[in-house]
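Visitor: I'd love a walk through this model, starting with how its helices pack. Could you guide me?

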Amino acid sequence: MGSTVSPSPLPMATPSSAELPIQEATLDLIRWFLPILHRLPRQHRHGLGERLITNLYELLEQLALARFQRDRLIILEPLRGRIQLIQLQTRLLHDFQLIDLRRYEHAS
């Protein structure tokens with residue numbers, strides 16, 4: 001009666017931050033923004049806040065997918081527009097006095 005050895009799960013590849021600096025920066029930005037967006041007044045949290053976090057998540061998803069594509073430009077080119085949206089939405093947070101200048105500069 002031989003014992004069967006169950007196969008060990010494959011180790012997850014953990015890319016270094018040097019491989020994906022924009023992906024790491026996007027993760028950091030999401031971690032930084034979430035607590036701020038959760039504290040927004042209701043009228044901004046359910047509009048501007050949700051749109052901003054959706055754009056950040058979509059950016060992160062597309063960056064993750066691009067990593068596995070041969071022709072990354074197909075995915076990366078349209079992301080310039082999404083990054084512009086994130087910048088404009090962050091500017092609105094500052095214009096509406098929902099974040100101070102120091103946080104606006106940090107996010108920029």
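Guide: Happily! This is a predicted model, and a good starting place is where α2 meets α4. On the α2 side the contact includes Leu48, Leu52, Leu56, Leu59 and Leu63, and among the α4 partners are Leu79, Ile83, Ile86, Thr90 and Leu93.

Visitor: How do the residues of that contact between α2 and α4 divide into nonpolar, polar and charged?

Guide: Arg51 and Glu58 in α2 and Arg82 in α4 take part in the contact, and they count as charged. Overall, the contact of α2 with α4 divides into 11 nonpolar, 4 polar and 3 charged residues.

Visitor: Are α2 and α4 roughly parallel or antiparallel?

Guide: Their axes come within 10 Å and cross at roughly 150°. Angles over 145 degrees count as roughly antiparallel. The crossing angle therefore makes α2, relative to α4, roughly antiparallel.

Visitor: And which hand does the crossing of α2 and α4 have?

Guide: The angle of roughly 150° describes how the axes cross, and the hand is a separate point. As α2 passes α4, the crossing is left-handed.

Visitor: Now to the largest pocket: which helix gives the most to its lining?

Guide: The largest pocket has a volume of about 380 Å³. Of its 19 lining residues, Leu29, Ile86, Gln87, Ala107 and Ser108 are the closest to the centre. At least two lining residues come from each of α1, α2, α4 and α5. With 7 residues, the helix that gives the most is α4.

Visitor: How do the residues of this lining divide by type?

Guide: Leu29 and Gln87 are among the residues closest to the pocket centre, and they count as nonpolar and polar, respectively. The lining as a whole divides into 11 nonpolar, 6 polar and 2 charged residues.

Note on methods. Residues are numbered from 1 along each chain as its sequence is written. This is a predicted model: local features need pLDDT of at least 70, side-chain atom pairs count only at pLDDT 80 or more; totals for chains, interfaces and linings use all residues. Side-chain values use heavy atoms; hydrogens and water are left out. On a 1 Å grid over the protein atoms alone, a cavity is a set of points where a 1.4 Å probe fits but cannot get out, and a pocket is an open set with protein on both sides within 12 Å along at least five of seven lines; lining residues have an atom within 4 Å of a point. Grid points are joined across faces, edges and corners, and a volume is the space filled by probe spheres set on the points. Helices (H or I, at least four residues) and strands (E, at least two) are DSSP runs, numbered from the N terminus. Axes are lines fitted to C-alpha atoms, for helices over the stretch in contact, and angles run from 0 to 180 degrees between N-to-C directions. Angles under 35 degrees count as roughly parallel, over 145 as roughly antiparallel, 65 to 115 as roughly perpendicular and the rest as oblique. A crossing is left-handed if the near helix is turned anticlockwise from the far one by less than a right angle, and right-handed if clockwise. Contact means heavy atoms within 4.5 Å.
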